[in-house]
Amino acid sequence: MSISPILSIVGWALIIGLGLYIFYVATLRSQRRDAKVNIIIVLVLLIGGLGLNTLASGLVFVDQFEAGVVVSPLTAGGVRPDPLTAGIHWIIPFVESVDRFSIAKQEYTMSGSTNEGALQGNDAVEARTSDGQQVFIDATVRYYVDQTKIVELRRTWQSQDRYIQGFVRPTTRNVIYNTASQYKVEEIYGAKRTELQQRIQEELMAEFLKQGLVLDALQLRNVTFSAEYAQSIEQKQIAQQQSEQAKLLVQKSQQEADQLRAKVKGEADAVVLRANGDAEVLRFDAAGHQRVIDPLVARVEDIQLGAEGPLVG
C-alpha cells in the first residue's frame with residue numbers, strides 16, 4: 001500500500017484541525033471571553049499539515065508489478081527520460097506527477113461467446129479465406145510492457161487504456177484477418193491451423209516490439225464457420241462415414257469370399273488326397289494278388305508240360 005495517501009490524509013486533518021482551532025478561538029472572542037490564539041499550536045498544525053501534504057505529493061511508491069513515468073513541465077518533452085522502477089521515489093511536489101503502467105502479463109480476448117471476451121457480445125474476428133469462405137476466429141493475446149521502453153510507450157499512447165484500445169485490439173484483429181485470407185477454409189479447419197497461428201504470432205511479435213510491448217503468446221481458441229459451410233461439412237462427414245462403411249462392407253465380403261475359397265480348396269485337396277490314397281491301396285492289393293497268381297500259373301504250365309512229355313515219347 002502506498003504511504004502517500006496516508007500522509008495526505010493526516011496532513012489535511014491537521015489543516016482542518018487548524019481551521020477548527022481558529023474558529024473555536026474566534027467563537028470565544030465573539031462571546032467576549034478571554035481567548036488568545038496559541039501561536040505554537042497554529043504553527044504545529046500549519047507546518048505539520050503543509051509538510052505532510054508536501055511529502056504526500058513528492059513521495060511516490062511504485063509496486064513491483066508497475067513502472068512509472070514522471071510527467072514534468074520542467075523536462076524537455078514533458079516527461080523524464082528514465083522510468084520509475086519498483087520502490088519509493090521522490091518527485092517535485094505539486095509540480096510533477098506520475099503515470100503508472102502495469103508491467104505484469106496481460107491478456108486481451110476477442111470471442112464470439114457473450115461475456116467471455118474483453119468486450120460484451122460477439123467480438124470474434126471475422127475473416128474471408130482465400131476461397132471466399134467466411135470464418136469467425138476467437139483469439140487471445142498475452143503480452144507485457146517492456147520496462148525499458150515504457151517512456152516511449154507513454155509518449156505515443158499516453159495511458160494504458162489507450163494503447164490497449166488503440167493498438168493491441170485493432171492490430172491483432174488486422175493481422176488475423178490478413179493472414180487468414182491467405183489460407184483455404186479446409187486448411188484453417190484442418191492441417192494448417194498450427195501454421196496459421198505461428199504466422200500470426202510472428203507478425204504480431206514484430207508489431208508489438210515497435211510499440212514497446214512484448215508478445216508472450218497468441219492462442220487461436222476457436223474457429224467457426226458460416227451456417228452454410230458448417231452444413232456442407234456435416235454432409236461431407238456423413239458421406240465420408242457412409243463411404244467408410246461401404247469400404248468396410250466390401251472388405252468384409254472380400255474376406256468372407258477368401259475364406260470360402262480357402263475352405264473349398266481345402267476340401268478339394270482333401271478329396272484328392274483321399275482319392276490318391278484309395279488308388280495306392282488298390283495298386284497294393286492288385287500287386288499282392290498278382291504275386292499269388294503268378295506261382296500258380298507257373299505250376300499249371302509245368303504240369304501241362306509234364307503231361308505232354310510222355311505222350312510224345
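**View A. Leu43 in helix H2 (residues 39-58) and the nonpolar surface patch around it.** Leu43 is part of helix H2, which spans residues 39-58. The coordinates shown in this and the following views belong to a predicted model. Leu43 has a relative accessible area of 43% and is therefore classed as partly exposed. Together with Val37, Ile39, Leu46, Ile47 and Leu50, Leu43 forms a nonpolar patch on the surface, with an area of about 520 Å².

**View B. The nonpolar cores, with Val168 and its contacts.** In general, nonpolar side chains of soluble globular proteins tend to be buried together. In this model, the largest nonpolar core comprises 40 residues. Within that core, the residues with the most contacts are Tyr143, Tyr163, Val168 and Leu213. Helix H4 supplies the largest share of the core, namely 7 residues. When residues up to four places away in sequence are not counted, Val168 touches Tyr108, Val141, Tyr143, Tyr163, Phe208 and Leu213. A second core, separate from this one, has 7 residues, among them Tyr21, Leu28, Ala35 and Leu45.

**View C. Thr171 in helix H4 and its contacts with Leu204 and Glu207****.** Thr171 belongs to helix H4, which covers residues 160-180. Its relative accessibility is 16%, so Thr171 counts as buried, the cut-off for that class being under 20%. Apart from neighbours within four places in sequence, Thr171 is in contact with Leu204 and Glu207. Thr171 and Glu207 are 36 residues apart along the chain, and their C-alpha atoms are separated by 8.0 Å.

**View D. Gln106 in strand S5 and its polar contact with Tyr163****.** Gln106 is located in strand S5. Gln106 counts as buried because its relative accessibility is 13%. The side chain of Gln106 makes a polar contact of 3.2 Å with the side chain of Tyr163. Tyr163 is also one of the residues with the most contacts inside the largest nonpolar core. Beyond four places in sequence, Gln106 touches Val141, Arg142, Tyr143, Val145, Gln160, Tyr163 and Ile164. Of these residues, Val141, Tyr143 and Tyr163 also appear among the contacts of Val168.

**View E. Thr109 in strand S5 and its polar contact with Thr140****.** Strand S5 runs over residues 106-110 and includes Thr109. With a relative accessibility of 9%, Thr109 counts as buried. The side chains of Thr109 and Thr140 are joined by a polar contact of 2.9 Å. Not counting residues up to four places away in sequence, Thr109 touches Glu116, Gly117, Ala118, Asp123, Ala139, Thr140 and Arg221. Two of these contact residues, Glu116 and Arg221, form a salt bridge with each other.

**View F. The salt bridge between Arg221 and Glu116, and a network of shared partners****.** The closest N and O atoms of Arg221 and Glu116 are 2.4 Å apart. This salt bridge links distant parts of the chain, with Arg221 in strand S8 and Glu116 in the loop between S5 and strand S6 (125-128), 105 residues apart. Both partners are partly exposed: Arg221 has a relative accessible area of 31%, and Glu116 has one of 36%. Asp123, Arg169 and Arg173 are joined into one network by salt bridges that share partners. Asp123 is also among the residues touched by Thr109.

**View G. The salt bridge between Arg100 and Glu66****.** This pair belongs to a structure that holds 11 salt bridges. Between Arg100 and Glu66, the closest N and O atoms are 3.3 Å apart. Distant parts of the chain are linked here, as Arg100 lies in strand S4 (residues 97-102) and Glu66 in strand S2 (residues 66-71), 34 residues apart. Arg100, at 38% relative accessibility, counts as partly exposed. Glu66 is likewise partly exposed, at 23%.

**View H. The salt bridge between Asp216 and Lys105****.** The closest N and O atoms of Asp216 and Lys105 are 3.5 Å apart. Asp216 lies in strand S8 (residues 213-225) and Lys105 in the loop between S4 and S5, so that the pair links parts of the chain that are 111 residues apart. Asp216 counts as partly exposed, at 34% relative accessibility, whereas Lys105 is exposed, with a relative accessible area of 59%.

How values were computed: Residues numbered from 1 in each chain as written. Predicted model: local features only at pLDDT ≥ 70, side-chain atom pairs only at ≥ 80, totals over all residues. Heavy atoms only, no water. Patch = residues over 30% accessible without salt bridge, like charges linked within 9 Å, V, L, I, M, F, W, Y side chains within 5 Å. Areas by Shrake-Rupley, 256 points an atom, 1.4 Å probe, with all protein chains shown as cover. Salt bridge = Lys/Arg side-chain N within 4 Å of Asp/Glu carboxyl O. Helix = DSSP H or I, 4+ residues; strand = E, 2+ residues; numbered from the N terminus. Buried < 20%, exposed > 50% of the residue type's maximum accessible area, 1.4 Å probe, protein only. Contact = heavy atoms within 4.5 Å. Core = buried A, V, L, I, M, F, W, Y, C linked by side-chain atoms within 4.5 Å. Polar contact = N/O pair within 3.5 Å; in protein donor to acceptor, adjacent residues only side chain to side chain.
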